[in-house]
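Let's walk through this structure together, starting with its aromatic rings and ending at a pocket.

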Amino acid sequence: MSPRAGNTGPHTLAFVESPVQLLNVLEWAHAHASGAELTLVVLSPTDPMTRGQLRRMAELAREEGHEVRWEEARGGPAAPFQTIGGLAGRLRKADRVVLGDPFSRYVQLLLTITRATNLVVVDDGTATMEFVAQLARGERLVRWHRKGGRPSPRDLAFAPISSAARKRLTPGEGREVEIFSSMPMEEAPTGVTMSMNAFAWTRARFGPPRITKSADMVGTSLVETGVVDADRYLEAVTSLAKTHGATRYFAHRRESTEKLHRLAVETGLEIVRPDLPLELIARRGPIGRTILSFPSTVVHTLPLALAGTEVRVSVCDIDPDWLTETASPRAHGFLSGVTGTARDVHRLSAVATG
């Protein structure tokens, strides 16, 4: 159990909706919150794979001495009202609020309730890069793969709350904002404290891993988010696996069952659905000597989690021809930036597809 358990100190309320967000809250607490009374609130999604990973991460958080509160935040039409009503008192009392997804409407709504004078944003993957850039430019908060599209009626109705949340996330008199990230940031918002997530807790808690002679591949949800064409993606995975001798494919938690079945049949790769974030899976091992990935969060986080090992992370660029007709105009530039700013990775050219 963590020595922080039972200590008195500033009361911190953390909101997470994904396993990676929960991992990064643990990393932040390890690095910066000694003596804090931390309550982790899991705003549970509905898909089984994410829920399973969150439950495993919640167990690790409890082992570290943190309180975990599980909310069935999407368990029916009345669930959001029950969740927000049940959390209102804690939100008003919290000295500090930590959040993993500033684009989340749930989180934005909760931000309008809190009186906390210290707000901390931890990584929710590469989306953090876009959040920081939008905050620096004073823009409305829009996920990168949706940017350029026309706002829906629901977007317009929620706009006042989103605007209020963005103001809460802007430093001001009596309000401090910190961003705890492993992502490279080109623009630092004025007045925001930037601190580095080096995955120190992960390295201390797990490993070092046993390293195999083969290669492993990391899946992405770019098809599911409508950015990359499914057939082109399958061809690229097939080519990479054959060229580099990959034997396992670690599925992203949002990848569809149909796509994964097709990948298994057509490539012969063993499909692995991880029960924890990949940073922890890789650190525990066994893991391939080479990890192949497309532009994603892991090209930034895995080199940190695996520091001191002989594992090499290789990233394959996304060819513009792979993009769907409905992909955001910013998609290719954003993905190229994810790859180009990655440290300690080997960069591969986009593979040819038909």
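A charge sits over a ring if NZ of Lys or CZ of Arg is within 6 Å of the ring centre and within 35 degrees of the ring normal. Here, the charged end of Arg55 is placed over the ring of Trp70, 3.9 Å from its centre. Please keep in mind that this is a predicted model, where local features need pLDDT of at least 70, side-chain atom pairs count only at pLDDT 80 or more, and totals for chains, interfaces and linings use all residues. Residues are numbered from 1 along each chain as its sequence is written, and side-chain values use heavy atoms, with hydrogens and water left out.

Now to rings that meet rings. Rings of Phe, Tyr and Trp (its six-membered ring) pair if their centres lie within 6.5 Å; planes under 30 degrees apart count as stacked, over 60 as edge-to-face and the rest as tilted. The count comes to four aromatic pairs. One of them joins Phe103 and Phe131, which are edge-to-face because their centres are 6.3 Å apart and their planes at 85°. Phe103 is buried (under 20% relative accessible area), at 8%, and Phe131 is buried at 1%.

Phe294 and Trp322 also pair edge-to-face, with centres 6.1 Å apart and planes at 80°. These two residues are 28 residues apart and link distant parts of the chain. Together with Tyr233, Phe294 and Trp322 form one aromatic cluster.

Finally, look at the residues Met129, Glu130, Ala133, Glu186 and Phe334: of the 15 that line the second largest pocket, they are the closest to its centre. By class, this lining has seven nonpolar, three polar and five charged residues (Ala, Val, Leu, Ile, Met, Phe, Trp, Tyr, Cys and Pro count as nonpolar, Asp, Glu, Lys and Arg as charged, and the others, Gly among them, as polar). A pocket is an open set of points on a 1 Å grid over the protein atoms alone, where a 1.4 Å probe fits, with protein on both sides within 12 Å along at least five of seven lines; lining residues have an atom within 4 Å of a point.

Technical notes
Buried means under 20% relative accessible area, exposed over 50%, partly exposed in between (1.4 Å probe, protein chains only). Helices (H or I, at least four residues) and strands (E, at least two) are DSSP runs, numbered from the N terminus.
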